[in-house]
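Student: I've got a structure here and I'd like to check the labels people put on it. Can we go through them one by one?

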Amino acid sequence: MATGTKPLTVAEFCAELEISRSTFYDWRAKHRAPKCITLPNGSLRIRRTDYDRWLASLEDVS
């Protein structure tokens, strides 16, 4: 990647949030997960910037 930051694998994303893979795929199906990159082999990756932006969008501002 141009930024020098390696994108997260699904396993790394799930480990950071302490969720199961099935929860990730459920969120993805409901368009509630961060944007993903699909590699030619079908594997998914999440850019750290997309992950950080997604997390920030979940903040409760009340």
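Below, a student and a tutor set the labels against the values behind them.

Student: Before the labels, what am I looking at?

Tutor: A predicted model, with 62 residues, of which 23% count as buried. The C-alpha trace spans about 40 × 30 × 20 Å along its principal axes. The protein has 3 helices and 3 strands, and from the N terminus they come in the order β-α-α-β-β-α.

Student: What makes Glu18 count as exposed?

Tutor: The cut-off for exposed is over 50% relative accessible area. Glu18 has 74%, so the label exposed holds. Glu18 sits in the loop between helix 1 and helix 2.

Student: And what is there to say about the phi of Glu18?

Tutor: Phi of Glu18 is near 55°, which is positive in a residue that isn't glycine. Most residues other than glycine have a negative phi. Glu18 is the residue that follows helix 1.

Student: Which value does His31 have for phi?

Tutor: The phi of His31 is near 60°, again a positive value in a residue other than glycine. His31 belongs to the loop between helix 2 and strand 2. With a relative accessible area of 75% against a cut-off of over 50%, His31 is exposed.

Student: Why is Pro40 called exposed?

Tutor: Pro40 has 90% relative accessibility, and exposed means over 50%, so the label fits. Pro40 lies in the loop between strand 2 and strand 3. Pro40 and Ser22 are 18 residues apart in sequence, and their C-alpha atoms are 22 Å apart in space.

Student: What about Arg32, is it buried or exposed?

Tutor: Exposed: Arg32 is at 55% relative accessibility, and the cut-off is over 50%. Arg32 is in the loop between helix 2 and strand 2.

Student: Which residues does Arg32 contact, leaving aside neighbours within four places in sequence?

Tutor: Trp27 and Trp54. A contact needs heavy atoms within 4.5 Å. C-alpha to C-alpha, Arg32 and Trp54 are 9.0 Å apart, with their positions 22 residues apart in sequence.

Student: On to helix 1. How do you know that its buried residues are on the same side?

Tutor: Start with which they are: Val10, Phe13 and Cys14, in a helix that covers residues 10–17. They cover an arc of only 95° around the axis, and that puts them on the same side of helix 1. An α-helix has 3.6 residues a turn, so residues three or four places apart point the same way.

Student: What do the buried residues of helix 1 pack against?

Tutor: Strand 1 (8–9), helix 2 (21–29), strand 3 (44–46) and helix 3 (48–57).

Student: Helix 3 then: what makes you say that its buried residues line one face?

Tutor: In helix 3 the buried ones are Asp50, Tyr51 and Trp54. Down the axis of helix 3 they fall within an arc of 100°, so they line one face of that helix. Their cover includes strand 1, helix 1, helix 2 and strand 3.

Student: How do helix 1 and helix 3 sit relative to each other?

Tutor: Their axes come within 13 Å and cross at roughly 35°, and the crossing is right-handed. On the helix 1 side, Phe13, Glu16 and Leu17 take part, meeting Arg48, Tyr51, Trp54 and Leu55 of helix 3. By class, this contact has 5 nonpolar, no polar and 2 charged residues.

Student: Now the sheet. Why are strand 1 and strand 2 said to stand at the edges?

Tutor: The open sheet has 3 strands in the order 1-3-2, paired antiparallel. Strand 1 and strand 2 (37–38) each have a single partner strand, so one side of each is left without a neighbour in the sheet.

Student: How do you know that strand 2 and strand 3 pair?

Tutor: The cut-off is at least two bridges between two strands. Strand 2 and strand 3 have 2 bridges, in the antiparallel sense, so the pairing counts. Within that region, Ile37 stands opposite Arg45 of strand 3.

Student: One last value: how many of the contacts link residues 24 or more positions apart?

Tutor: Counting contacts with a separation of 6 or more, 35% are between residues 24 or more positions apart.

Terms used
Residues numbered from 1 in each chain as written. Predicted model: local features only at pLDDT ≥ 70, side-chain atom pairs only at ≥ 80, totals over all residues. Heavy atoms only, no water. Buried < 20%, exposed > 50% of the residue type's maximum accessible area, 1.4 Å probe, protein only. Helix = DSSP H or I, 4+ residues; strand = E, 2+ residues; numbered from the N terminus. Arc of directions from axis to C-beta. Axes fitted to C-alpha atoms, helices over the stretch in contact; angles between N-to-C directions. Left-handed = near helix turned anticlockwise from the far one by under 90°. Nonpolar A, V, L, I, M, F, W, Y, C, P; charged D, E, K, R; others polar.
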